[in-house]
Amino acid sequence: MTRCDRTEAWAALQGHYAAHGRDFDLREAFARDPGRASALAVDAPEIHADLSKNLLDTATRHFLLDLARECGLEARRDAMFEGDAINTTEGRAVLHTALRAPRGQGPFSDDVHGVLDAMLAWVETVRDTAASGIRDVVNIGIGGSDLGPQMAVPALDAFVHPKLNFHFVSNVDGHDIVPVLRRLEPQTTLFVIASKTFTTQETMANAHVARAWFTSRGGSDTQRHFVATTTNVKAAADFGITTTFGFWDWVGGRYSLWSAIGLPIALAIGAEHFRALLAGAHAMDEHFRSAPLAQNLPVQLGLLDVWYRNFHGFASRSVAPYHQGLRRLPAYLQQLEMESNGKSVDLDGEALPYATSPVVWGEPGTNGQHAYFQMLHQGTDTIPVEFIAVRRPTHDLHDLHAKLLANCLAQSQALMLGKPTAAALGEQAPTASRALDAQTVARHRTFPGNRPSTTLVLDQLTPRSLGALIAMYEHRVFTSGALWGINSYDQWGVELGKALCNDLLPRLASGDTSGLDGSTAALIARLRA
Ligand code: F6P
């Protein structure tokens, strides 16, 4: 890989930004080019993307594609699919794509399909609730061992087993597990202890609480009520769990929902739908692998991310899924994107002279409209927004769905069009103060517009389309990370806090603050008082 700032295309993009990018106006661009919407539409498996409300033109796309080629994006992508150890700092391959490759295709196919078949066969025995007696499934895991299932199960609510309830416990805060356990009975509960390493403090602490609760409430058959999903089968056995579904070190935590970590998803939607989720992701893998870069959705979005972060200087991106089922998608994407690309050295360990991961955040629409959208429309920062619209609902409240879609379209339109002061001046605002002159009121009611957004359209939210959507995000993160020349697959940044916590835990008990900084010492004293 060539680092992005060491390419000719980077210099060309800098010149292009200064000459045309900085003052680019979306309204003028649409007026100039009636074919803009179709020219900037990209179709990928299960997803139609409208990129036309973004601050780019043909020349920008041309330079960005040059950047991708000069950086060697395609070779790096192929190296990932082939199983090269592209996670250089841990000496590991990055092969979540192998988890959704059809049988006989992709690396480690026998291992992958062996575990998948066994897991899905077991899942069906639990889903036979009359025989299994299970009513509640509690996933205990954190980060990548929590966020994927926690996002996907509500997203696929229409497909979820009607007699099973799903609970997700992640936080070491007892306020997480206590209210969950309060409502459960040991005889009807299945605990899934999900941890790639089976050493994570929060997960192990909660697993011990769950087991103690289970036995203290008369639960006896631990073998039937506890299952582990982990790469550390021995640690799970030491904990006393005999039913374990494994995976491998070439599956990163935040890329693991396709592995045994997806067990709660499979329990919720069943084997057939889980295979459809994998198939949707595989279809996106094939698209990423073979579509020309100009029509390659993850590549186009990854390039857009670089354009916005490094040339426009936008520090965040808001995700607005107009589907309540996708309410945990922003949290899922935060780990996927920020843990992957929140790095400040390149593959050689050299400090980067440019910005990397933006802050990713959001809420489902329309809720966000009644909270922070004010800032998106009139705040001092430009924040690109990603709208996700789903054409067909899985309910029959069509009137509500029409309102939802109209809101989604209205927001991206309002962000782009804005409202000039002159237009505001011609309006009567019923709630405006009569004590102010008309000009002042109009200035408060002016929208600058020209605020960029992308709209992703799914036909329906199904296991297959959700699989494609998530895989698309994975490859987009790959693209921007590859261009930035960083290792998107390690997470050293989480280590320091874990180590310091291990030091502070006994100090909280003993009160020993020797050698600590003044703030931490004072806080320990306060918390112990
Ligand atoms: O602390 C960060 C992290 O390592 C994530 O990358 C991972 O998804 C999470 O913790 C959970 O790790 P594990 O699955 O090993 O419990």
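Where is threonine 366 found? Select threonine 366 and you land in the loop between β9 (359-362) and α16 (373-378). Keep in mind as you click around that this is a predicted model.

**Stop 1: the unusual backbone spots**

While you are in that loop, add glycine 365 to the selection. A cis peptide bond joins glycine 365 to threonine 366, with omega at about 10°. Most peptide bonds are trans, and most residues other than glycine have a negative phi. That second habit has a couple of exceptions to visit here.

Go to phenylalanine 108, in the loop between α5 and α6 (109-127). Its phi is positive, about 55°, although phenylalanine 108 is not a glycine. Buried or exposed, or in between: which is phenylalanine 108? Its relative accessibility is 40%, so phenylalanine 108 counts as partly exposed.

Now jump to phenylalanine 198, in the loop between β5 (189-194) and α10 (201-216). Phenylalanine 198 also isn't a glycine, and its phi is positive at about 55°. Here the relative accessible area is 5%, so phenylalanine 198 is buried.

**Stop 2: helix α5**

Select residues 73-82, which make up helix α5. Color Leu73, Arg76, Arg77, Ala79, Met80 and Phe81: these are buried. Note that Arg76 and Arg77 are in that buried set. What do the buried residues of α5 pack against? Bring up α4 (58-71), α13, α14 and α20 (463-484), and you have the packing partners.

Next, pick out glutamate 74, which sits in α5 too. With a relative accessible area of 33%, glutamate 74 is partly exposed. Set aside neighbours within four places in sequence, and glutamate 74 is in contact with Arg69 and Leu293. Draw a C-alpha to C-alpha distance from glutamate 74 to leucine 293: you should get 8.8 Å, for a pair that is 219 residues apart in sequence.

Step off the end of the helix and you reach glycine 83, which follows α5 and has a positive phi near 95°.

**Stop 3: α13 and its partners**

Show helix α13 as residues 263-290, and keep α5 on screen. The axes of α5 and α13 come within 10 Å and cross at roughly 140°. To see the contact, show side chains for Arg77, Met80, Phe81 and Glu82 of α5 together with Asp285, Phe288 and Arg289 of α13. By class, the residues in this α5–α13 contact are 3 nonpolar, no polar and 4 charged.

Add helix α14, residues 297-312. The axes of α13 and α14 come within 8 Å, crossing at roughly 70°. How do α13 and α14 lie relative to each other? Roughly perpendicular, since that label covers angles from 65 to 115 degrees. Look for Met284, His287 and Phe288 of α13 where they meet Leu297, Pro298 and Val299 of α14. The α13–α14 contact has 5 nonpolar residues, 1 polar and no charged. Phe288 appears in this contact and in the one with α5.

Now add helix α8, residues 147-155. The α8 and α13 axes are 8 Å apart, at an angle of about 15°, so α8 and α13 are roughly parallel to each other. The crossing of α8 past α13 is right-handed. On the α8 side, select Gly148, Pro149, Ala152 and Val153; on the α13 side, select Pro264, Ile265 and Ala268. This α8–α13 contact divides into 6 nonpolar residues, 1 polar and no charged.

**Stop 4: helix α1**

Select residues 8-21 for helix α1, then highlight its buried residues: Ala9, Trp10, Leu13, His16, Tyr17 and Gly21. An α-helix has 3.6 residues a turn, so residues three or four places apart point the same way. Try looking down the helix axis with that in mind. Among the elements covering the buried residues of α1 are α4 and α14.

**Stop 5: the cysteines**

How many disulfides does the structure hold? The count is 0. Select cysteine 4 and find the closest cysteine sulfur, which belongs to cysteine 71: the sulfurs are 5.6 Å apart, too far for a bond, given that a disulfide needs them within 2.5 Å. Cysteine 4 has a relative accessible area of 0%, so cysteine 4 is buried. Finish at cysteine 408, which also counts as buried because its relative accessibility is 2%.

Terms used: Residues numbered from 1 in each chain as written. Predicted model: local features only at pLDDT ≥ 70, side-chain atom pairs only at ≥ 80, totals over all residues. Heavy atoms only, no water. Axes fitted to C-alpha atoms, helices over the stretch in contact; angles between N-to-C directions. Helix = DSSP H or I, 4+ residues; strand = E, 2+ residues; numbered from the N terminus. Parallel < 35°, antiparallel > 145°, perpendicular 65-115°, else oblique. Left-handed = near helix turned anticlockwise from the far one by under 90°. Contact = heavy atoms within 4.5 Å. Nonpolar A, V, L, I, M, F, W, Y, C, P; charged D, E, K, R; others polar. Buried < 20%, exposed > 50% of the residue type's maximum accessible area, 1.4 Å probe, protein only.
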